[in-house]
Amino acid sequence: MRTFRTTITNIYERTIPRIVTLILLTAFTLASMVLAVHLTEVQQVKGRIVLVTDKSAETLPQSPARLNIVVSPEKPPHSALVEQKYDAYVTIGKNGDYQIETLRSDSYKNMVLTLLKNPDAILKDSKTARGVGANIIGFMMMFLLMEVFANLFAFADDKEQGQLRRITAAPVSFSGYLAAHCVYCLSMFLPEYILLIILKYCGFDIGFTLLQYAGLLAVMGLFGISFALVLNTLINKPDNASMLGRSVIVLTSMLAGSFYLFTKKNMLLDLIIKVLPQKQFMNFVEYMERGEAWQHSFSIIYVIALSIVLFLVSCSVLRMKYMKRV
């Protein structure tokens, strides 16, 4: 316990010269989360519709939540459609049928008609559309995983400067030393979690509960720490490990569909993407959003198991390199 306290205090003290870099990384992550909330709200609204009628809003049928409907006694000028101020004009015929005027495609026209007739209708793209929770996790995932490499700087410096050999030779707990680095990395996720709390209590829909986010961030952090620890253990130069790790994180996160659903037609590429931990993690998040998390728990078990394996590999290599030389 003493080793843990001493080590984590030392790491926080060594953070001060790097505070600008860490603030920038955190700012990018926070901005991605806000963007995810905004884009989800935009995606959920399928169009700005003007309903041309002289009836009061109370006497009209239920308005679909996915359409932003404005009731007007007169049809706005056609130029408003050209300027994209509105997406469509809807008038109600004598037989109660809807007549839609729009400059967009026939498929959009059919979608508006479907929602007007049945506000709860399931659209063709509803299976692939993500909710706000999956968007927030997807948008922040790449940045958080990249943050871990920056947050593990103290371990990387100790290894490069030969301090790790002295630490393992000293009468201290090596497990306490590693635990301090892990806790430090996880503690650097606090700004993102605080932002989620702020969004939640400001009335924004964040998709999941705060407890669910805490669990998802913990799993994400466990994987990031394990992966970063493996690379920093196997590669002598911290800069090389960081560059390789961040490049891999960016590429695999993009392929896994962290920002958008990645459609594949190549069987080999499809197979590679399926085994990516980020892909399995996003699969679990989407299942959880649909209330099917525990029916598809293999995805999260896969990520946790892989993280544990990577962490154990790191510990074994470190013991072989340093502990046996003591």
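**Exercise 1.** In the predicted model, place Val313 in its helix, then decide whether Val313 counts as buried, partly exposed or exposed.

*Solution.*
- Step 1. Val313 sits in helix 14, which covers residues 298-321.
- Step 2. The relative accessibility of Val313 is 36%.
- Step 3. Buried means under 20%, and exposed means over 50%. Val313 therefore counts as partly exposed.
- Step 4. Add a partner: Val230 lies 83 residues away from Val313 along the chain, and their C-alpha atoms are 7.2 Å apart.

**Exercise 2.** Work out how helix 5 and helix 11 are oriented to each other, and list the residues that meet.

*Solution.*
- Step 1. The two helix axes come within 10 Å and cross at roughly 170 degrees.
- Step 2. Angles over 145 degrees count as roughly antiparallel. Helix 5 and helix 11 are therefore roughly antiparallel.
- Step 3. Helix 5 brings Met142, Leu145, Met146, Phe149 and Ala150 to the contact. Helix 11 brings Ala241, Ser242, Gly245, Arg246, Ile249, Val250 and Ser253.
- Step 4. Sort the contact residues by class: eight nonpolar, three polar and one charged.

**Exercise 3.** Describe the second largest pocket by volume, lining and contributing helices.

*Solution.*
- Step 1. The volume is about 230 Å³.
- Step 2. The lining has 14 residues; Arg18, Phe149, Ala150, Phe153 and Ser242 lie nearest the centre of the pocket.
- Step 3. Helix 2 (19-44), helix 5 (132-151), helix 6 (153-160) and helix 11 (238-255) each give two or more residues to this lining.
- Step 4. Helix 11 supplies the largest share, four residues.
- Step 5. By class, the lining holds seven nonpolar, three polar and four charged residues.

Notes. Residues are numbered from 1 along each chain as its sequence is written. This is a predicted model: local features need pLDDT of at least 70, side-chain atom pairs count only at pLDDT 80 or more; totals for chains, interfaces and linings use all residues. Side-chain values use heavy atoms; hydrogens and water are left out. On a 1 Å grid over the protein atoms alone, a cavity is a set of points where a 1.4 Å probe fits but cannot get out, and a pocket is an open set with protein on both sides within 12 Å along at least five of seven lines; lining residues have an atom within 4 Å of a point. Grid points are joined across faces, edges and corners, and a volume is the space filled by probe spheres set on the points. Ala, Val, Leu, Ile, Met, Phe, Trp, Tyr, Cys and Pro count as nonpolar, Asp, Glu, Lys and Arg as charged, and the others, Gly among them, as polar. Axes are lines fitted to C-alpha atoms, for helices over the stretch in contact, and angles run from 0 to 180 degrees between N-to-C directions. Angles under 35 degrees count as roughly parallel, over 145 as roughly antiparallel, 65 to 115 as roughly perpendicular and the rest as oblique. Contact means heavy atoms within 4.5 Å. Buried means under 20% relative accessible area, exposed over 50%, partly exposed in between (1.4 Å probe, protein chains only).
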